[in-house]
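Visitor: I am new to this structure and should like to learn how its features are read. May we go through them in turn?

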Amino acid sequence: MSTMLKIMSKLFFITLLVSVFLFGFKTQAQKIAQTPKEFLITNYGAKADGKTLNTIAIQNAIDAAFKNKGGCVVFPKGEFLSGSIQMKSNVSLRLEEGAVLLGSTNPSDYIKMEFPGRPDSPKKDDNSQMALVLAHKATNIKLYGKGKIDGQGLQLALNIDSLHHAGIVVDPNYTIRRNRPNETMRPKLFRFSQCDNVAIEGLQVGAASCWGLSFELCSNLSLDGLKVVNRSYWNNDGIDITDCKNVTVTNCDLDTADDGICLKSYYPGYANDGIYIANCTIKSSASAIKFGTASYGGFKNVVIKDIEVYDTFRSAIAIESVDGAAIENISVSNINAVNTGNAIFIRIGQRSGEKAGSIKNVSIRNIKVQVPFGRPDINYDLRGPEVDFFHNPFPSSIVGIPGYKIENVSLENITISYPGRATKGMAYIPLNRLDQVPEKIQDYPEFSMFGELPAWAFYVRHANGISFKNVKVTLDDTDFRPAFVFDDVQNLNMEEIDLPEGKKNQVVLKSVNQLKIDLDKTNIIHLQ
């Protein structure tokens with residue numbers, strides 16, 4: 001090789017090394033530039049002793065990150081007591097392993113946040129605007145880590161109760177019958193309103209004095225890998241999603257004194273739209289997953305799948321429109337519920353509004369539920385309100401009201417075991433008196449709302465387009481009632497129905513038109 005070629009080769013090699021070095025330096029610089037600046041709360045005066053009130057220190061760290069155009073506020077190991085803090089745009093909050101954000105038990109440490117620009121809701125009786133963690137019109141916010149957020153809700157609620165009885169801070173809506181302050185007086189754990197691009201990941205959260213994680217009018221919301229234990233006091237919902245768009249709730253474990261995951265609609269003209277709930281475990285002293293009862297706007301394009309439910313008092317899945325909401329395009333699949341008081345409850349009512357809402361295009365498939373004879377939540381410290389009358393076991397229900405039928409509900413691959421042990425001495429509605437079942441048009445929706453029902457498996461009334469395919473219902477003991485009662489139903493399809501052996505007259509039809517039933521005639525009773 002000539003001297004010139006050797007020199008050129010060395011120059012090329014040196015240039016290549018310099019280029020690689022400069023590229024590596026540039027890449028590292030880019031990484032450093034992309035890494036959000038961290039704001040350690042102890043640098044702002046926070047004390048990890050579980051006693052010092054750190055509200056100002058934590059808020060100063062959040063505000064500093066916000067003024068920096070973004071950053072990560074870090075909670076190191078230790079217990080940090082705080083009142084209300086407000087998240088800001090482009091700010092993350094990371095709780096390290098062993099870090100605990102403790103909610104103050106002093107009610108005066110919480111602020112009732114104003115939400116300018118928020119639409120008005122006709123329902124104002126149960127929605128607290130106070131919380132430990134607040135956010136309004138914030139974008140790109142995240143709370144994550146291996147730490148814990150503990151609302152210390154029991155002592156907080158008791159202190160609120162004491163202030164009321166002492167006449168210092170009087171609750172005008174105090175619940176005398178239940179002997180507790182109204183929800184509007186008790187702070188939630190989270191209260192996020194009109195936020196965009198929100199992520200909550202990996203944390204242990206709960207012990208609120210009211211609802212747990214509450215999100216309204218938010219978009220692009222992701223909740224993943226959360227451990228939610230919210231059983232400190234009454235009205236302890238786990239996750240409440242109100243009129244939000246593009247939401248995912250995945251890989252969460254919930255143990256709640258009230259509804260586990262509750263979709264609500266407080267704002268006419270708005271709706272929950274594009275909701276995906278999957279791979280969650282739920283234990284509840286109310287319903288596992290519920291739509292309503294606040295149902296003023298709508299719920300559409302909702303997918304619920306791969307859910308484990310256990311020791312739950314009320315319904316595994318409850319879909320309710322009682323304030324005028326339109327509910328449509330709902331897919332529920334792969335639900336396994338053990339020791340759960342009710343399998344499926346679908347209800348149109350008219351508690352408020354000029355006209356009733358609608359429920360249509362609901363698919364429920366691959367569901368397995370075991371309904372016990374007694375209360376499934378008997379070992380809870382706080383149990384949901386007892387059904388206030390003696391009763392036989394309740395069936396699943398799909399019930400509209402006159403003039404407003406539930407439409408196009410498909411149930412496929414369903415297995416439900418019922419306890420039986422019903423007795424006419426407890427309560428008895430003869431088949432010739434089906435009109436005795438009350439409409440309860442304006443009542444609070446609940447699987448027990450109609451009182452005694454004349455079926456043990458499914459009661460369907462005021463519906464159009466109901467399909468049962470590959471449905472198996474079993475009894476642990478005897479039940480004098482038929483399995484299915486259909487009253488004022490059009491377009492009914494039943495195929496591959498598996499009933500207990502030796503049972504006859506298990507399907508009762510009254511005012512049913514356009515039907516296709518693949519059952520032996522000895523199992524069908526036609527009523528006028």
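Guide: Let us begin with a term: strands are DSSP runs of at least two residues, marked E and numbered from the N terminus. Please note also that this is a predicted model.

Visitor: How does one look for empty space inside a protein, and how many cavities of 30 Å³ or more does the structure hold?

Guide: The general idea is that rolling a probe the size of a water molecule over the atoms shows where empty space is left. In this structure, two cavities of 30 Å³ or more are found. The largest has a volume of about 40 Å³, and the second largest has a volume of about 30 Å³.

Visitor: Which strands each supply at least two residues of the lining of the second largest cavity?

Guide: They are strand E23, residues 298-321, and strand E24, residues 326-348. E23 provides the largest share of that lining, with five residues. The lining consists of Ile-289, Ile-304, Ile-307, Val-309, Ala-316, Ile-317, Val-332 and Ile-335.

Visitor: How do the residues of this lining divide into nonpolar, polar and charged?

Guide: Eight are nonpolar, with no polar and no charged residues. For the largest cavity, the division is six nonpolar, two polar and one charged. Its lining is formed by Tyr-110, Leu-132, Gly-151, Leu-156, Pro-187, Lys-188, Leu-189, Ala-208 and Ser-209.

Visitor: Let us turn to a helix. What span does helix H2 reach from its first C-alpha to its last?

Guide: A helix can be judged against an expected span, at 1.5 Å a residue. Helix H2 covers residues 55-67, 13 residues in number, and reaches 18 Å, close to the 18 Å expected. Beyond the helix comes Lys-69, which has a positive phi, near 65°.

Visitor: Which residues in H2 are buried?

Guide: The buried residues of H2 are Thr-55, Ala-57, Ile-58, Gln-59, Ala-61, Ile-62, Asp-63, Ala-64 and Ala-65.

Visitor: May we close with a single residue? Why does Leu-475 count as buried?

Guide: A residue is called buried when its relative accessible area is under 20%. Leu-475 counts as buried because its relative accessibility is 18%. This residue lies in strand E28, residues 458-475.

Visitor: With which residues is Leu-475 in contact, leaving aside its neighbours within four places in sequence?

Guide: Leu-475 is then in contact with Tyr-418, Gly-420, Trp-456, Pro-500 and Lys-503. A separation through space may also be set beside one along the chain: Leu-475 and Ile-344 are 131 residues apart along the chain, and their C-alpha atoms are separated by 17 Å.

How values were computed: Residues numbered from 1 in each chain as written. Predicted model: local features only at pLDDT ≥ 70, side-chain atom pairs only at ≥ 80, totals over all residues. Heavy atoms only, no water. 1 Å grid on protein atoms, 1.4 Å probe; cavity = no way out; pocket = protein on both sides within 12 Å on 5 of 7 lines; lining within 4 Å. Points joined across faces, edges and corners; volume = space filled by probe spheres on them. Nonpolar A, V, L, I, M, F, W, Y, C, P; charged D, E, K, R; others polar. Helix = DSSP H or I, 4+ residues; strand = E, 2+ residues; numbered from the N terminus. Expected span 1.5 Å × (residues − 1). Buried < 20%, exposed > 50% of the residue type's maximum accessible area, 1.4 Å probe, protein only. Contact = heavy atoms within 4.5 Å.
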